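User: I would like to learn how to read the features of a structure such as this one, moving from annotated sites to burial, contacts and domains. Could we take them in turn?

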Amino acid sequence: MRSLFTNIKELLQVREPGIKKVSGKEMKQLPSIRNAWLLIEDDKIADFGKMDAVPEIAADETIDASGKIILPAWCDSHTHIVYAGNRELEFADRINGMSYEEIANRGGGILNSAKTLQETSEEEVYKQSAKRLEEVMSLGTGAVEIKSGYGLTEEAELKMLRVIRKLRENYDISIKPTFLGAHAIPKEYKEKPQEYMDLVINEILPKVAEEKLADYIDIFCEKGYFSIEDTHRLLSAAAEYGMKPKIHVNQFNAFGGIQAGVEHNALSVDHLEVLNPEDIESLKGTETMPVALPSCSLFLSIPYTPARDLIDAGLPLALATDFNPGSTPSGNMNLVVSLACIKMKMNPEEAINAATINGAYAMELSETHGSITKGKQANLILTKEIPSYTFLPYAFGTNSIESVFINGKKLD
Ligand SMILES: N=CN[C@@H](CCC(=O)O)C(=O)O
Ligand SMILES: [Zn+2]
């Protein structure tokens with residue numbers, strides 16, 4: 001099947017093969033072709049160029065994209081899409097003055113979601129999660145990472161990871177699974193947290209590895225959750241199974257989480273709302289991608305990741321949603337890109353790079369996703385008629401997407 005797009009107002013994020021990520025000043029560059037054509041063949045990008053030099057092409061269908069922009073689908077490298085139920089009651093509590101921390105301390109928060117997930121059947125968790133996955137695909141997401149972490153028992157963590165596996169089997173979208181057993185300390189381990197770490201490392205992790213249920217390891221390295229020592233221990237154990245770290249650090253406190261991640265060659269360090277100059281220094285010269293989650297900052301009214309400090313220091317930055325029931329009940333990458341511009345002072349070019357090629361890097365997908373490159377997966381966003389790509393983050397409440405193509409297929 002060959003589909004030809006013609007008269008594309010602007011074809012965005014056009015790159016040669018081999019670009020894994022963009023950093024610092026490069027993030028300001030968003031290569032594009034104005035008045036372009038694009039050919040997709042089955043699930044891949046076959047060719048593209050300028051309309052004034054369009055070759056004779058025998059296509060099965062031709063789509064006139066006059067006035068419209070085409071860009072690569074979003075790459076969302078940090079989500080918790082698999083969960084059960086919701087936490088709208090805690091949302092109301094927060095409106096009435098309780099903090100996220102206070103809610104967690106009274107047994108709510110992650111433990112609340114874990115209880116619900118433990119009590120929900122695998123089929124039902126799948127059903128609820130599939131609905132969310134379909135929603136984010138329709139919003140332009142073409143590759144996604146999904147974490148466990150609302151199980152917190154062997155049975156429930158494996159249940160979550162099997163749901164992720166089933167989503168991978170049933171949906172034509174790249175999904176990268178991450179094991180986040182160390183997301184919170186269950187109530188029964190409150191006085192003996194080391195025993196919970198023993199359970200995660202000695203019992204659950206080997207089963208996850210045996211069933212090949214996760215590519216990555218994650219931990220919530222935060223005061224009141226897991227320490228630097230826990231982080232070193234878990235990441236060392238996971239390395240034995242070939243699982244690379246993608247870890248939650250510096251959400252509320254900066255106490256060495258980034259350095260721990262970098263020491264273990266983390267693929268990404270995520271959140272980073274609270275950063276000190278040493279954190280930025282320690283990321284320089286590494287292969288670790290910093291990941292910002294601005295919808296979480298919006299929802300919890302916490303600081304936004306200081307994107308300018310990171311980018312101006314020459315570092316790369318990726319943007320992701322953090323879609324989860326407690327801190328970010330939204331998987332909308334379009335909103336993330338808008339917030340990055342409005343609240344983090346990222347330029348539209350930087351935000352689009354962060355949400356495409358750098359997001360792909362944070363899932364080890366930059367060879368196949370994240371740019372308009374010959375041979376890459378045909379994962380595309382076709383916009384409505386819009387004045388420019390800056391209109392996407394500018395019109396933050398508007399749906400500017402006309403259609404989404406994943407692996408060459410247009411979503412219904
Ligand atoms: N911070 C840790 N984990 C999730 C939120 C968990 C929750 O509140 O359910 C996050 O990334 O924001
Ligand atoms: Zn998260």
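User: Which residues does UniProt list for "binding site", and how should such an entry be read?

Analyst: UniProt positions are given here in the numbering used for this structure, with feature names shortened, and the annotations may be inferred rather than shown by experiment. In this case the unreviewed entry lists His78, His80, His248 and Asp322 under "binding site". These residues are spread over 245 residues of sequence, yet they cluster in space, the largest C-alpha distance being 12.1 Å. The model is predicted, with local features needing pLDDT of at least 70 and side-chain atom pairs counting only at pLDDT 80 or more, whereas totals for chains, interfaces and linings use all residues. Residues are numbered from 1 along each chain as its sequence is written, and chains are lettered from A and ligands numbered from 1 in the order in which they are written.

User: Is His248 buried or exposed, and where does His248 lie?

Analyst: A residue is buried if 20 or more other C-beta atoms lie within 10 Å of its own, exposed if 12 or fewer, and partly exposed in between, with C-beta atoms placed from the backbone. His248 counts as buried because it has 28 C-beta neighbours inside 10 Å. His248 lies in strand β10 (residues 244-249), where helices (H or I, at least four residues) and strands (E, at least two) are DSSP runs numbered from the N terminus.

User: Which residues does His248 touch, and which does Asp322 touch?

Analyst: Two residues are in contact if their C-beta atoms, placed from the backbone, lie within 7 Å. Not counting residues up to four places away in sequence, His248 touches Asp218, Ile219, Phe220, Cys221, Glu222, Asp270 and His271. With the same exclusion, Asp322 touches residues including His78, which the "binding site" entry also lists, as well as Thr79, Leu293, Ser295, Cys296, Ser327 and Thr328. Asp322 is placed in the loop between β13 (318-319) and α12 (333-344), and it is buried because 28 C-beta neighbours fall inside 10 Å.

User: Which other residues does the "binding site" annotation cover, and where are they?

Analyst: The unreviewed UniProt entry also gives "binding site" for Tyr150, Asn324 and Gly326. They span 177 residues in sequence, but no two of their C-alpha atoms are more than 10.9 Å apart, so they gather at one spot. Tyr150 is in the loop between β7 (141-147) and α5 (154-170) and is buried, with 31 C-beta neighbours inside 10 Å. Asn324 lies in the loop between β13 and α12 and is likewise buried, with 26 other C-beta atoms within 10 Å. Leaving aside neighbours within four places in sequence, Asn324 is in contact with His80 and Tyr83, while Tyr83 is also among the residues that Tyr150 touches.

User: Which residues are around ligand 1, and how many are there in each class?

Analyst: A residue is near a molecule if its C-beta atom, placed from the backbone, lies within 6 Å of it. Around ligand 1 are Gly109, Ile110, Ser113, Phe220, His248, Gln251, Cys296, Asp322, Asn324, Pro325, Gly326 and Ser327. For the classes, Ala, Val, Leu, Ile, Met, Phe, Trp, Tyr, Cys and Pro count as nonpolar, Asp, Glu, Lys and Arg as charged, and the others, Gly among them, as polar. On that scheme the shell holds four nonpolar, seven polar and one charged residues.

User: How is the protein chain divided, and what does the side of domain 1 that touches domain 2 consist of?

Analyst: Domain bounds come from an automatic or database domain assignment. Here the chain is divided into domain 1 (2-73 + 371-410) and domain 2 (75-361), and 28 residues of domain 1 are in contact with 31 residues of domain 2. On the domain 1 side, β5 (68-72), α15 (391-394) and β15 (401-406) each supply at least two residues, β15 giving the most, with three. The residues of that side divide into 16 nonpolar, eight polar and four charged.

User: Where does the largest nonpolar core lie, and why?

Analyst: A nonpolar core is a set of buried Ala, Val, Leu, Ile, Met, Phe, Trp, Tyr and Cys residues joined through C-beta atoms within 7 Å. The largest one has 123 residues, and those with the most contacts inside it are Leu38, Ile70, Leu319, Val337, Ala340 and Ala355. Domain 1 and domain 2 both give residues to this core, so it lies between them. Leu38, not counting residues up to four places away in sequence, touches Phe5, Ile8, Leu11, Phe48 and Ile70.
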